[in-house]
Amino acid sequence: MTAPLTHAPRLTTDRLTLRGPDRADLPHFERFITTSPDLAAQDELGDAEDAWYFNLAGIGHWHWHGYGLFTLQTHDDPTPLGRVGSLNHPGWPQPELAWHLFADGTGHGYATEAAQAVRQWAATALGLTALVSYIDPANTRSQAVATRLGAQTDGTLARQDGASQVWQHPTVAP
């Protein structure tokens, strides 16, 4: 058994387990980065090297901020279905609630279910009660998740990339 890569807690929902990243997640993440139709539609596909660096940045995020992206899986299958969590890269005005689901994880409501759990954990454990999501205007699936979570946008563009809209989530009590 290898040592954990982060100190991420384990969260559970009715159907899902959210855990910290693991070495075995990389091939699933690489497949997502290199083949995702959603990323292709936004002209954001990457290669194996990009997946490696993005994965390391995600692990480092936990160490730097004390939060990051959880890997999600169902209770009865350890296969990674995607990543959901909070991010705050340099120059960002506030932490983001982010999600991206791998091909087998889409269309089941997993992003919404996991994001609700992460949002409550972030408020309770970290005091992050006001989160945003940065969503490409063409990404209607992520917009639908944000809407189900009660988030709204006024069309303001994120200053860090200028293409994504800022979606403000409702304040969550700790």
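**Reading salt bridges, cores and a helix**

Tutor: Let us begin with one pair of charged residues: the side chains of Arg19 and Asp25 meet in a salt bridge, with 2.8 Å from N to O. Please keep in mind as we go that the model is predicted.

Student: Are Arg19 and Asp25 buried or exposed, and how should I decide?

Tutor: The general idea is to look at the relative accessible area, where a residue under 20% is called buried and one over 50% exposed. Arg19 has a relative accessibility of 11% and therefore counts as buried, and Asp25, with a relative accessible area of 6%, is buried as well.

Student: How many salt bridges does the structure hold?

Tutor: The structure holds three salt bridges. In one of them Glu113 is paired with Arg15, their closest N and O atoms being 2.6 Å apart. This pair links distant parts of the chain, since Glu113 belongs to helix α4 (residues 110-126) while Arg15 sits in the loop between β1 and β2, 98 residues apart. Glu113 is buried at 13% relative accessible area, whereas Arg15, at 34%, counts as partly exposed.

Student: Which residue forms a salt bridge with Asp38, and where do the two partners lie?

Tutor: Asp38 is paired with Arg141, the closest N and O atoms being 3.8 Å apart, and a cut-off of 4 Å is why this pair still counts. Arg141 is in helix α5 (residues 140-148) and Asp38 in helix α2 (residues 37-41), so far along the chain from each other that 103 residues separate them. Both are partly exposed, Arg141 with 46% relative accessibility and Asp38 with 27%.

Student: Turning to the nonpolar residues, which of them have the most contacts inside the largest core?

Tutor: When reading a core, it helps to ask who belongs to it and which elements supply its members. The largest nonpolar core has 28 residues, and those with the most contacts inside it are Leu18, Phe70, Leu72 and Trp99. At least two residues of this core come from each of β2, β3, β4, β5, α4 and α5, and α4 gives the largest share, seven residues. Leu18 touches, among others, Phe70, Leu72, Ala114 and Val118. Apart from this core lies another of eight residues, including Leu69, Val132, Tyr134 and Ala158.

Student: How many residues of α4 are buried?

Tutor: As a general idea, an α-helix has 3.6 residues a turn, so residues three or four places apart point the same way. In α4, twelve of the 17 residues are buried, which means that this helix is largely enclosed by the rest of the structure; among them are Tyr110, Glu113, Val118, Arg119 and Trp121. At 1.5 Å a residue α4 should span 24 Å, and its end C-alpha atoms are 23 Å apart, which agrees. The helix is followed by Gly127, whose phi is positive, near 75 degrees.

Student: With which side chain does the side chain of His169 make a polar contact?

Tutor: The partner is the side chain of Arg119, at 3.2 Å, and Arg119 is one of the buried residues of α4. His169 lies in the segment after β8 (165-168) and is buried, with a relative accessible area of 3%. Leaving aside neighbours within four places in sequence, His169 is in contact with residues including Leu97, Trp99, Val132 and Leu149.

How values were computed: Residues are numbered from 1 along each chain as its sequence is written. This is a predicted model: local features need pLDDT of at least 70, side-chain atom pairs count only at pLDDT 80 or more; totals for chains, interfaces and linings use all residues. Side-chain values use heavy atoms; hydrogens and water are left out. Helices (H or I, at least four residues) and strands (E, at least two) are DSSP runs, numbered from the N terminus. Buried means under 20% relative accessible area, exposed over 50%, partly exposed in between (1.4 Å probe, protein chains only). A nonpolar core is a set of buried Ala, Val, Leu, Ile, Met, Phe, Trp, Tyr and Cys residues joined through side-chain atoms within 4.5 Å. Contact means heavy atoms within 4.5 Å. The expected span of a helix is 1.5 Å times one less than its number of residues. A polar contact is a pair of N or O atoms within 3.5 Å; within protein, one must be able to donate a hydrogen and the other to accept it, and residues adjacent in sequence count only if both atoms are side-chain atoms.
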